[in-house]
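Reader: I have not looked at this one before, so could you walk me through it slowly?

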Amino acid sequence: MGALSPVLRSERQAFIALLETLDPQQWTTPSLCAGWTVQDLAAHAAFAQSLRLHEMVTEAARARFGYNRMITETAVRWAERGTPAILERMRRNLRDEVTPPGLPLVLSVVDVTVHALDARKPLGLPRAVPREAFLPVARFLLRARWPSTIPLGGGPAERIAGLRLVADDIGWASGSGPDVRGTAETMLLVLSGRSVTAEELDGDGAPELLRRISAVPG
């Protein structure tokens, strides 16, 4: 499956291990994805990865070819199958190394790494992002262009233009300009269009980044 397959396997294992510990109330916790509970989020992570091409076309048509509409509607519908079915599908995806047909493997790494953060942060169950997962995800997000930027709320490169992001815990930096410092987790949240707080950032460029984030619609 390529050089990233061990990373994908490790991140999927970590996400499954997290979900297996959750009680019913935690499954209903709102995630960082607007309108989704942790259960909706997990359903998307489980079943979207295993869709075949003809199923993708069917779901797109059902959502009138609105990408975000399709993602939202399918996740909520799949979540109704229940947590045992969600976990079973995620375990099967891990065992069979399932990825969406015709798409680069790195997209699956991005999906599981970022969505795990979407669940972990509101649950208060942090896990340090491994450097080997962070690097390909950050690289992909920094290079993302339309239409892959639609679910990110715009292009990450434009959002951080003129700033230098620094992940102190893994020794990573990107860009030029005033520093914006934080953990690898915080940097991935910024790059993937999620909200962060002033307490999570440091550096001379932090106020400007927060201003830009707060100006993004939705």
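Reader: To start somewhere specific, is Asp118 buried or exposed?

Author: Asp118 is buried, with a relative accessible area of 0%, where buried means under 20% relative accessible area, exposed means over 50%, and partly exposed lies in between, using a 1.4 Å probe and protein chains only. Please keep in mind that this is a predicted model, in which local features need pLDDT of at least 70 and side-chain atom pairs count only at pLDDT 80 or more, while totals for chains, interfaces and linings use all residues. Residues are numbered from 1 along each chain as its sequence is written, and side-chain values use heavy atoms, with hydrogens and water left out.

Reader: OK, and which residue forms a salt bridge with Asp118?

Author: The partner is Arg194, and the closest N and O atoms of the two are 2.6 Å apart; a salt bridge here is a side-chain nitrogen of Lys or Arg within 4 Å of a carboxyl oxygen of Asp or Glu. The pair links distant parts of the chain, since Asp118 sits in helix α7 and Arg194 in the loop between α10 (184-191) and α11 (206-214), 76 residues apart. Helices (H or I, at least four residues) and strands (E, at least two) are DSSP runs, numbered from the N terminus. Arg194 also counts as buried, at 12% relative accessibility.

Reader: How many salt bridges are there by that rule?

Author: The count comes to eleven. One of them joins Glu11 to Arg127, with the closest N and O atoms 3.0 Å apart. That pair also links distant parts of the chain, with Glu11 in helix α1 (residues 5-19) and Arg127 in the loop between α7 (105-123) and α8 (131-143), 116 residues apart. Glu11 is buried at 4% relative accessible area, whereas Arg127 is partly exposed at 27%.

Reader: Switching to strands, how do β1 and β2 run?

Author: Strand β1 (residues 164-167) and strand β2 (residues 172-175) run antiparallel and are joined by four bridges; two strands pair if DSSP finds at least two bridges between them. They form a hairpin with four residues between them, and Gly171 in the turn has a positive phi of about 65°. Across the hairpin, Val166 stands opposite Ala173 and Ala167 opposite Trp172.

Reader: And what about β1 and β3, parallel or antiparallel?

Author: Those two run parallel, again with four bridges, β3 being residues 179-182. The bridge partner of Arg164 in β3 is Asp179.

Reader: Which residue forms a salt bridge with Asp179 at 2.8 Å?

Author: That is Arg181, which counts as partly exposed at 28% relative accessibility. Salt bridges that share partners join Arg164, Asp168, Asp179 and Arg181 into one network.
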